[in-house]
Amino acid sequence: MPVAVKICGLTTPDAVAAAVEGGADWLGVVFFAPSPRAIEPEAAAELLDGVPEEVVKVGLLVDPDDATLDRVLAQVRLDMIQLHGRETPQRVEAIRQEFGRPVMKAISVGGAADLLAAKAFDGVADRLLFDARPPQGAANPGGNAQPFDWPLMADWRGQSPWMLAGGLSPDNLAQAVKASGATAVDVSSGVESARGVKDPDLIRRFLEVAARL
Ligand SMILES: O=C(O)c1ccccc1N[C@@H]1O[C@H](COP(=O)(O)O)[C@@H](O)[C@H]1O
């Protein structure tokens, strides 16, 4: 069965075109200043303008306050909010209610205990995104090209749909899907030629691999 794909950290029209033409299901833009993929809301609005309705446009934020969410959502036509910080289940629910968008909550996975803790978000977030725990001292809580132990996901049972992230690439995608049982995946670094620089050829390759699974 083909695997659904989110291409995250888009900043250029050629990368967006490669993702859309290649059949990506979700496109992600990062509103987190320390990220090498950070984009201003105005530029994101321009970048996503013209992307077909059926492609879900996701805004990634890290522990955003209400003013930041207001500012971003006023400028960018986003279908979904991705929270990639230390947000609590209560905050996830409050953002869903207040801002009227589905929320995808990222869960940092370093071991089985993190999956137990993730249960608190199951059925609260509209989707869970399991990503690797960032390396010690990392400036960003995600987007670090860091995989985790994929077989940990094989025992996950939950209500909310989920996707796998962390260190995925065209070369390891098939193995990651097989080991984790994921039906949806998210990639950023693995489709870049340099940190923060998306490579349209790698995006196309990633999507081709996903379509063949
Ligand atoms: O991409 C970023 O710069 C980023 C910054 C802050 C939080 C999350 C970020 N990215 C997310 O992390 C996953 C995994 O990334 P990678 O493929 O290992 O580079 C990515 O899918 C984004 O959703």
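The buried residues of helix α7 are covered by several elements, including β1 (4-7), α1 (13-21), α6 (173-180), β8 and β10 (197-198), where helices (H or I, at least four residues) and strands (E, at least two) are DSSP runs numbered from the N terminus, and where contact requires C-beta atoms, placed from the backbone, within 7 Å. The model is a predicted one, in which local features need pLDDT of at least 70 and side-chain atom pairs count only at pLDDT 80 or more, whereas totals for chains, interfaces and linings use all residues. Residues are numbered from 1 along each chain as its sequence is written.

The buried residues of α7 are I203, F206, L207, V209 and A210, a residue being buried if 20 or more other C-beta atoms lie within 10 Å of its own, exposed if 12 or fewer, and partly exposed in between, with C-beta atoms placed from the backbone. Seen down the axis of α7, these buried residues fall within an arc of 160 degrees, and they therefore line one face of the helix; the arc is that of the directions from the helix axis to the C-beta atoms. The face turned away from the buried side of α7 carries the exposed residues D201, A211 and R212. For the 13 residues of α7 (residues 200-212), a span of 18 Å is expected at 1.5 Å a residue, and the end C-alpha atoms are 19 Å apart, which agrees; the expected span is 1.5 Å times one less than the number of residues.

F206 of this helix touches V5, P170, L173, V187, G190 and V191, residues up to four places away in sequence not being counted. F206 is also among the residues with the most contacts inside the largest nonpolar core, together with I7, A19, L27, V29, L129 and V185. This core has 60 residues, a nonpolar core being a set of buried Ala, Val, Leu, Ile, Met, Phe, Trp, Tyr and Cys residues joined through C-beta atoms within 7 Å.

The ligand is surrounded by 27 residues, of which the closest are S35, G142, G143, S188 and S189; a residue is assigned to this shell if its C-beta atom, placed from the backbone, lies within 6 Å of the ligand. Strands β2 (26-30) and β8 (184-187) each supply at least two residues of the shell.

In the loop between β3 (56-61) and α3 (66-75) lies D63, a residue other than glycine whose phi is positive, near 45 degrees. D63 counts as partly exposed because it has 13 C-beta neighbours inside 10 Å.

Technical notes
Two residues are in contact if their C-beta atoms, placed from the backbone, lie within 7 Å.
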